[in-house]
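Student: I am new to this structure and would like a close look at a single part of it. Could you take me slowly through one sheet and then show me how some other places in the chain compare with it in setting?

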Amino acid sequence: MQSEPKNTPENALSAGVTDEQILQAVQKSGYPLQTIIANKLGVDFRVQEEWSFVDGDSGALRTLDIWASRRMFDLQSEDQPFVRPTLDLLIECKQSDLPYVFFISATRPRLPEFPYFAGLAQDKIALTTDDDSSTYTETILGALSLSNHPFILNAAEPCMTFSKCTRKGSAIELSGTDAFQNTILPLAKALRYFKKQEEPPKTARYFDCHIPLAIAVLDAPMIAARIEGDQQSLTLTPWVRVVRHEATPAASWFDRMQTLGIDVVHKSFFDQYLQQHAIPFAQQFSPLAIKHHVELSSGKGFASGMNARGFNEVEPRLRPRS
């Protein structure tokens, strides 16, 4: 049997440095929260802490606190579909004694890029029909009749901008730049890198359909600021969805604007967010993706009555294009 390594006299704290000081420094650094969240996810997910990605702007190698992945299909099944759904969580953890303030949007913006699917050859499905010679283009969620799923549509309040409180003497100020640069921007860049990393080869026949969710977990007070007419209100909130609008180069003008959704969740709400919202959505999406694996893998499908019925409830009418 191997014995545990023994401590040496040289491996000791220097004078003036105490265990209490070290503990306080560790608690402020964010690592304890990262470890807590990683341990929670380790039960059902494959977890990689300090997940690295390449910054699309600078080309520098950066890290995100956690990447967690969970297969949403039966790997042992004899009949393997062309599309294999996987739920992926890209997580950044932040701790602060001072609050974050989220300015809740007066309107609910569209989020066509939420979730930001990765791993498929096509992000949309081209549909032919039997009552029109036109070809209709539909999103993956629209084709599977999941655009109005509560997790997508209205589970979290939308927020276009937010700030972190900072101290200036005895006063409290808001710093929007710090909150954006250290929380939202890394997650947005990680999402784009993840999608590029999972891009399939041109010759691919089988595809991993990733559902990557960008999540900021905060160990800090989360305050929602609402303005209704002349009235302003501040309330604590456990979850908001920050909307990130970006212009991006693309061949099609339909794809030159992207609107990403990034969930900001309080640490005390993370279990509920995961078990009652994110995982149930993936569990509802996955069997539909497997059912329509031919349409998703090819980016082509057939749906009857598109001229008469339009994009309402496409999934029951969806089948492979003959």
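Tutor: What follows goes from the whole chain to one sheet, and then to a few single residues.

Please keep in mind from the start that this is a predicted model. The protein chain holds eight helices and 15 strands, and its C-alpha trace spans about 80 × 70 × 35 Å along the principal axes. Of its 322 residues, 44% count as buried, while the chain as a whole exposes about 17700 Å², with carbon and sulfur atoms supplying 49% of that area. Among contacts between residues at least 6 apart in sequence, 69% join residues at least 24 apart.

The part to look at closely is an open sheet of four strands, which stand in the order β6-β5-β14-β15 with mixed pairing. Because β6 (136–139) and β15 are at the edges and have a single partner strand each, one side of each is left without a neighbour in the sheet. In general, the strands of a sheet pair through backbone hydrogen bonds, and they do so either parallel or antiparallel.

Let us cross the sheet from the β6 edge. Strands β5 and β6 pair in the antiparallel sense, over four bridges, and one place to find this pairing is Leu 127, whose bridge partner in β6 is Tyr 136. The next step leads from β5, residues 124–128, to β14, residues 300–303, and here the pairing is parallel, over three bridges. Thr 128 takes part in this pairing, since its bridge partner in β14 is Phe 302. From β14 the sheet goes on to β15, residues 318–319, with two bridges joining the two strands in an antiparallel run. Phe 302 appears again at this step, with Arg 319 as its bridge partner in β15. Phe 302 is thus bridged to Thr 128 and also to Arg 319.

Now to some single residues, beginning with His 149, which lies in the loop between α3 (140–143) and α4 (150–153). His 149 counts as buried because its relative accessibility is 13%, which falls under the 20% cut-off. Leaving aside neighbours within four places in sequence, His 149 is in contact with Phe 281 and Gln 284.

Gln 80 also sits in a loop, the one between β2 (61–71) and β3 (83–95), but with a relative accessible area of 27% this residue is partly exposed. Apart from residues up to four places away in sequence, Gln 80 touches Phe 73, Asp 74, Leu 75 and Tyr 206. With Asp 74 there is a more specific detail, as the side chain of Gln 80 reaches the backbone oxygen of Asp 74 at 3.2 Å. Gln 80 and Glu 199 are 119 residues apart in sequence, and from C-alpha to C-alpha they are 20 Å apart in space.

The cysteines make a last stop. A disulfide is a covalent bond between the sulfur atoms of two cysteines, and a search of the whole structure finds zero disulfides. Cys 159, for example, is in no disulfide, and the nearest cysteine sulfur, that of Cys 165, is 13 Å away. Cys 159 counts as buried because its relative accessibility is 0%, and Cys 209 likewise counts as buried at 0% relative accessibility.

Note on methods: Residues are numbered from 1 along each chain as its sequence is written. Side-chain values use heavy atoms; hydrogens and water are left out. Two strands pair if DSSP finds at least two bridges between them. A disulfide is a pair of cysteine sulfur atoms within 2.5 Å. Buried means under 20% relative accessible area, exposed over 50%, partly exposed in between (1.4 Å probe, protein chains only). Contact means heavy atoms within 4.5 Å. A polar contact is a pair of N or O atoms within 3.5 Å; within protein, one must be able to donate a hydrogen and the other to accept it, and residues adjacent in sequence count only if both atoms are side-chain atoms. Accessible areas come from the Shrake-Rupley method with a 1.4 Å probe; for residues, only the protein chains shown count as cover.
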